[in-house]
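Visitor: I would like to learn how to read a fold from the model outward. Where shall we start?

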Amino acid sequence: MGRRWRDGRGKLIVRGAAGAVTVPLELATSYRARTKGLLGRDGIDGAMLLSPASSVHTFRMRFPIDVAYLNRKLEVVAVHTMKPGRLGLPRLRSRHVLEAEAGAMAGWGVRAGVQVTVETE
């Protein structure tokens, strides 16, 4: 079930008990885009998907972020909040990493066991 997205924009759809939540999404799939990620920004409207990725760091970041590790089926394996200047450990079953401003994912219903959908534009 391999996915090959391109750098660009799309939507993240989170289905939960309260229905579906749609979030603006940036896709970072090239090495260059994944390496840059959210560095140098003061925030993000929505979320960023790094793919493929199994870990992230927050060195030189300006704000804390929520990090969700997703497996190949886009199921959330784990969610953590990371302060700037931290190194996240790789997750064994992680294939993609979702990043957003700290606190955002709880509001969207992103937590371990939840399945998300990615739609590209």
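Guide: Let us start with one residue. At 67% relative accessibility, Arg4 is exposed, because exposed means over 50%. Keep in mind that this is a predicted model.

Visitor: Where is Arg4 found?

Guide: Arg4 sits in the segment before β1. Its C-alpha atom is 8.1 Å from that of Thr29, although 25 residues separate Arg4 and Thr29 along the chain.

Visitor: Now the secondary structure. How many helices and strands does the chain have?

Guide: There are 2 helices and 7 strands. Follow the sequence and the pattern reads β-β-α-β-β-β-β-α-β.

Visitor: How do I read strand pairing in general?

Guide: Strands of a sheet pair through backbone hydrogen bonds, and the pairing is either parallel or antiparallel. Take β1 (residues 8-16) and β2 (residues 19-28) here: 9 bridges join them.

Visitor: Do β1 and β2 run parallel or antiparallel?

Guide: β1 and β2 run antiparallel. They form a hairpin, with 2 residues between the strands. To find the register, look at Leu12: its bridge partner in β2 is Val23.

Visitor: Which strand does β2 join through 4 bridges?

Guide: That strand is β3 (residues 47-50), and β2 and β3 run parallel. For a landmark, find Ala28, which stands opposite Leu50 in β3.

Visitor: What about β4? Which strand is joined to it by 6 bridges?

Guide: β6 (residues 96-101) is joined to β4 (residues 65-70) by 6 bridges, and these two run antiparallel. Asp66 helps to set the register: its bridge partner in β6 is Ala100.

Visitor: In what order do the 7 strands form the sheet?

Guide: The order is β5-β4-β6-β3-β2-β1-β7. The sheet is open, and its pairing is mixed. At the edges are β5 (76-82) and β7 (116-120), each of which pairs on one side only. On average, neighbouring strands of this sheet are turned by 30 degrees against each other, direction ignored.

Visitor: And the side chains on a strand? How should I picture them?

Guide: In a regular strand the side chains alternate between the two faces of the sheet. Keep that rule in mind as you trace a strand.

Visitor: Let us leave the strands for a loop. Is Ser94 buried or exposed?

Guide: Ser94 counts as buried, because its relative accessibility is 10% and buried means under 20%. Ser94 lies in the loop between β5 and β6.

Visitor: What does the side chain of Ser94 reach?

Guide: It reaches the backbone oxygen of His96, at 3.3 Å. Next, look for residues further along the chain. Leaving aside neighbours within four places in sequence, Ser94 is in contact with Ala53, Ser54, Tyr69 and Leu70.

Visitor: Now the whole chain. Why would one call its radius of gyration in agreement with a compact globule?

Guide: Compare two values. A compact globule of 121 residues would have a radius of gyration near 14 Å, and the chain has 13 Å, so the two agree. Taken along the principal axes, the C-alpha atoms fill a box of roughly 35 × 30 × 30 Å.

Visitor: What share of the 121 residues is buried?

Guide: Buried residues make up 42% of them. The accessible surface of the chain comes to about 6800 Å², and 49% of it belongs to carbon and sulfur atoms.

Visitor: And contacts between residues 24 or more positions apart: what percentage do they account for?

Guide: They account for 57% of the chain's contacts with a separation of 6 or more.

Methods:
Residues numbered from 1 in each chain as written. Predicted model: local features only at pLDDT ≥ 70, side-chain atom pairs only at ≥ 80, totals over all residues. Heavy atoms only, no water. Pairing = 2+ DSSP bridges. Axes fitted to C-alpha atoms, helices over the stretch in contact; angles between N-to-C directions. Rg over C-alpha atoms; globule rule 2.2 N^0.38 Å. Buried < 20%, exposed > 50% of the residue type's maximum accessible area, 1.4 Å probe, protein only. Contact = heavy atoms within 4.5 Å. Areas by Shrake-Rupley, 256 points an atom, 1.4 Å probe, with all protein chains shown as cover. Polar contact = N/O pair within 3.5 Å; in protein donor to acceptor, adjacent residues only side chain to side chain.
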